[in-house]
Amino acid sequence: MTTSFHQQSTEQPHTPYEIACAAVTAMGDQWGVRPGPWGRTGHLRNADHTPFTVGVCEAGYLYLRNDELGDSVHLPLSSTADLPTLGQAIANVIGELF
């Protein structure tokens with residue numbers, strides 16, 4: 001089945017920085033966030049200063065990476081999902097990366 005231009009989704013994706021900001025809201029005041037260049041990444045830090053990056057991989061999937069260890073996970077949601085849902089998804093998986 002072919003999708004015409006008029007049938008394509010009009011939902012705008014959230015930037016990784018916006019998603020990282022939503023994660024800080026979900027995780028609490030022990031976390032901080034900074035934008036990467038042009039919001040193309042979001043950088044999270046916990047109270048222990050462990051750095052994490054929220055970004056989009058070459059295949060177009062959202063990921064969360066522990067920059068200190070190099071471990072990462074892909075998020076099971078599209079960047080067009082609801083921001084609080086995206087933030088909570090990060091809060092749910094970040095513990096796997098310590």
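Biologist: Let's start with helix H1: which of its residues are buried in this predicted model?

Modeller: A residue is called buried when its relative accessible area is under 20%. In H1, that picks out Pro-16, Ile-19, Ala-20, Ala-22, Ala-23, Val-24 and Met-27. The cover over these buried residues includes S1, S2, S3, S4 and helix H2.

Biologist: How many residues does H1 have, and what span is expected for it?

Modeller: The usual yardstick is 1.5 Å a residue. H1 covers residues 16-27, which is 12 residues, and goes 16 Å from first C-alpha to last, close to the expected 16 Å. Right after H1 comes Gly-28, with a positive phi near 105°.

Biologist: Okay, on to the sheet. In what order do the strands lie, and what is the pairing?

Modeller: Generally, strands of a sheet pair through backbone hydrogen bonds, either parallel or antiparallel. Here five strands make an open sheet, ordered S1-S2-S3-S4-S5, with antiparallel pairing. S1 (32-35) and S5 (72-74) are the edge strands with a single partner each, so each has one side without a neighbour in the sheet. From one strand to the next, the twist averages 20°.

Biologist: What joins S3 to S4?

Modeller: Five bridges, with the two strands running antiparallel. Val-56 sits opposite Leu-62 in S4. The pair forms a hairpin with five residues in between, and Gly-60 in that turn has a positive phi of about 95°.

Biologist: And over how many bridges do S4 and S5 pair?

Modeller: Three, again in the antiparallel sense, with S4 spanning residues 62-66. Look for Tyr-63 opposite His-74 in S5. This hairpin has five residues between its strands, and Gly-70 takes a positive phi near 90°.

Biologist: Why is S4 described as largely enclosed?

Modeller: Just count its buried residues: four of the five in S4 qualify, so the rest of the structure largely encloses that strand.

Biologist: Last one: which strands does H2 lie across?

Modeller: H2 (residues 83-93) lies across S2 (42-45), S3 (51-56), S4 and S5. Relative to S4, H2 runs at about 35°.

Methods:
Residues are numbered from 1 along each chain as its sequence is written. This is a predicted model: local features need pLDDT of at least 70, side-chain atom pairs count only at pLDDT 80 or more; totals for chains, interfaces and linings use all residues. Side-chain values use heavy atoms; hydrogens and water are left out. Two strands pair if DSSP finds at least two bridges between them. Axes are lines fitted to C-alpha atoms, for helices over the stretch in contact, and angles run from 0 to 180 degrees between N-to-C directions. Contact means heavy atoms within 4.5 Å. The expected span of a helix is 1.5 Å times one less than its number of residues. Buried means under 20% relative accessible area, exposed over 50%, partly exposed in between (1.4 Å probe, protein chains only).
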